[in-house]
Amino acid sequence: MDELKPCPCCGCRAVMRQAPLEPETSQSGGYYIECTGCHLTTLLMFSILDNCKPLLVGLWNRRPVTVSEGEAEKVLREAKLLRDRINSANDLHAVFTIKDSAEFLGFSKAIDAYLKGKP
Ligand SMILES: [Zn+2]
């Protein structure tokens, strides 16, 4: 079984816990992972046919996909090319609608702001 990664919210150590065995409750004996700092938890799981602990570890250790600076730069440059194409296509009514939208203007400013800081 993989080691538990630190908490994704606060970075503190995480531990596997088991709910107290109290047959009158629906949580009885269920396993979960809890952060020792902020007490973030996974859902509660029960081992019925398979051991649920590896599943819980997989859930806890899952992290968002991160992209490298180089990949982000490439996507932004492609976005800039797309924006430039939209900006130069003034004769299309549909494109005008996009160009004048607040969403497009915000997107356009974000590209400029990002690229300004780059060589
Ligand atoms: Zn935490």
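## No disulfides here

Let's start with the cysteines: this structure holds 0 disulfides. Keep in mind that what you're looking at is a predicted model.

Two cysteines show how the pairing falls short. For Cys9, the closest cysteine sulfur belongs to Cys7 and sits 4.6 Å away, too far for a bond. Cys12 has its closest cysteine sulfur in Cys10, at 3.6 Å, and that is also too far for a bond, because a disulfide needs the two sulfur atoms within 2.5 Å. As for their surroundings, Cys9 is exposed, with a relative accessible area of 61%, while Cys12 is partly exposed at 31%.

## What holds the zinc?

So which residues are the protein donors of the zinc ion? They are Cys7, Cys10, Cys35 and Cys38, each using its SG atom and lying 2.3 Å from the metal. Seen from the zinc ion, the 4 donor atoms subtend angles of 95 to 118 degrees, and that is why the arrangement counts as tetrahedral.

Read along the sequence, the donor residues follow the spacing C-x2-C-x24-C-x2-C. Cys7 comes in the segment before strand S1 (14–18), and Cys38 is in the loop between strand S2 (31–35) and helix H1 (53–61), so this pair ties together parts that are 31 residues apart in sequence.

## Inside or outside?

Now take that same pair, Cys7 and Cys38. Is Cys7 buried or exposed? Cys7 is buried, with a relative accessible area of just 5%. Cys38, on the other hand, is partly exposed, with a relative accessible area of 39%.

Key: Residues numbered from 1 in each chain as written. Predicted model: local features only at pLDDT ≥ 70, side-chain atom pairs only at ≥ 80, totals over all residues. Heavy atoms only, no water. Donors = N, O, S within 2.8 Å, 3.2 Å for Na, K, Ca; no water. Tetrahedral: all angles 85-135°; square planar, octahedral: opposite > 155°, others 65-115°. Helix = DSSP H or I, 4+ residues; strand = E, 2+ residues; numbered from the N terminus. Buried < 20%, exposed > 50% of the residue type's maximum accessible area, 1.4 Å probe, protein only.
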